[in-house]
Every structure is written in C-alpha cells, then in structure tokens.
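Here's a quick tour of a model, starting with what sits around its ligand. After that come the core and one helix pair.

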Amino acid sequence: MRPPSPGSLGLVSDQPAPASTALPTPNYFELLGGEDAFRLLVDEFYAGVATDPVMRPMYPEEDLGPANERLRLFLIQYWGGPTTYSQERGHPRLRMRHAPFVIGAVERDAWLRHMRHAVDVLELTPELDKMLWDYLERAAFFMVNAEH
Ligand code: HEM
C-alpha cells in the first residue's frame, strides 16, 4: 500500500498532483480511522511534546492547542480527509514554515519518538502502521534544517 502523495511528501510543491488515470485509490483517511484516529494521534503526540525539555521550548505559543489543531488538520488533509487545513492556512509549505525553528538530529529524533508512541496508541494493522510511519519518518528527516 502506498501513501497518497510520495515524492514531494505533499509538503512543498505548488503543483497539484497529476490527475490519475489509475483505479480509484482507497480512502486512506477512513482506513486509518478517520477524524477520531487523527485526533487521538495528535493528542498523544502533543502530550509527549508538552513534557519534553527539547521540544516544548520550541513552540512559540504558551497554549499548544492551536499547534495541535494545525498538525491534526494538516495530517487529515494529507491522507485524503477534509481540506480544512488549506482553507485556513493556505498551501502547507512546511519546510518554509519550519525555517524559524532549529531542527537538527536531536529535535527530529525527539519529534519521531513522540510520534512513534502516538502511532502505537492507534493499534493499526501492520500494513497501515508501516504506511503511516514511513511517511512520518521521511517527512521528519525532510524537515531537518540544521547540522548542530
Ligand atoms: C522534525 C521535527 C519537527 C519539529 C522539531 C517541528 C516543530 C514544529 C514547531 C515548533 C512548529 C510551530 C508550532 C505551531 O505554531 O504550529 C511546527 C508547526 C507545524 N509542524 Fe512541525 N516539526 C517537526 C516536523 C514536522 C513534520 C514531520 C510534520 C508533518 C508531517 C510537521 C507538521 C507541522 C505543521 C502542519 C505545523 C503547523 C504549520 C502551520 O500551518 O503554521 N512538523 N512544527
């Protein structure tokens, strides 16, 4: 099973995905558990971030609620659910949006550690778990912008 938009990770390109002539693809958003699953995933992730001495200071806002919502809406959109993220925030351009933050191996690995725990909580089938995790891992490596 393949994620919906390999290549650019859905994070940088201004180009829409090419129109597909293939068979209809499954709705990954629903397969992964829909709105409830993404809410649980991101809540678990931010519960970890909230107590993390590396990550918590990186978040500019005192309240992690708005950051939680942005990540949840982005992931929902990426996996084929409602496109509320782009209606509210425009094109993701996530590497650019992360440019103000110093993201080296330490920050990347902290992000991935909390996300790994959050994915575990979803108890997906091995195939879906691997699909989601491969994407998150690639996206996190792609976000690194510092060598420190
Ligand atoms: C690699 C380590 C990463 C670190 C340290 C990190 C850190 C941050 C920080 C500090 C913010 C600002 C919080 C806010 O106000 O929204 C942010 C925003 C965001 N991050 Fe990350 N991030 C990482 C990776 C990722 C990855 C892999 C994704 C997607 C798969 C992602 C998706 C987002 C989204 C959607 C936003 C909100 C963008 C917006 O609309 O303004 N981040 N991240």
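The shell around the ligand divides into 14 nonpolar, 1 polar and 6 charged residues; here Ala, Val, Leu, Ile, Met, Phe, Trp, Tyr, Cys and Pro count as nonpolar, Asp, Glu, Lys and Arg as charged, and the others, Gly among them, as polar. This is a predicted model, where local features need pLDDT of at least 70 and side-chain atom pairs pLDDT 80 or more, while totals for chains, interfaces and linings use all residues. Residues are numbered from 1 along each chain as its sequence is written.

In total 21 residues surround the ligand (C-beta, placed from the backbone, within 6 Å of it). The closest are A67, R70, F74, W111 and A139. Four helices (DSSP runs of H or I, at least four residues, numbered from the N terminus) each supply at least two shell residues:

| Helix | Residues |
|---|---|
| α3 | 65–78 |
| α5 | 94–98 |
| α6 | 105–122 |
| α7 | 126–142 |

α3 gives the most, with 4 residues.

Now for the largest nonpolar core (buried Ala, Val, Leu, Ile, Met, Phe, Trp, Tyr and Cys joined through C-beta atoms within 7 Å; buried is 20 or more other C-beta atoms within 10 Å). Of its 25 residues, F38, L41, V42, F45, L75, I76 and W79 touch the most other members. α2 (34–50), α3, α6 and α7 each give two or more residues to this core, and α2 has the largest share, 7 residues.

F45 also touches H114, M115 and A118 (C-beta atoms within 7 Å), leaving aside residues up to four places away in sequence.

How values were computed
A residue is buried if 20 or more other C-beta atoms lie within 10 Å of its own, exposed if 12 or fewer, and partly exposed in between; C-beta atoms are placed from the backbone. Two residues are in contact if their C-beta atoms, placed from the backbone, lie within 7 Å.
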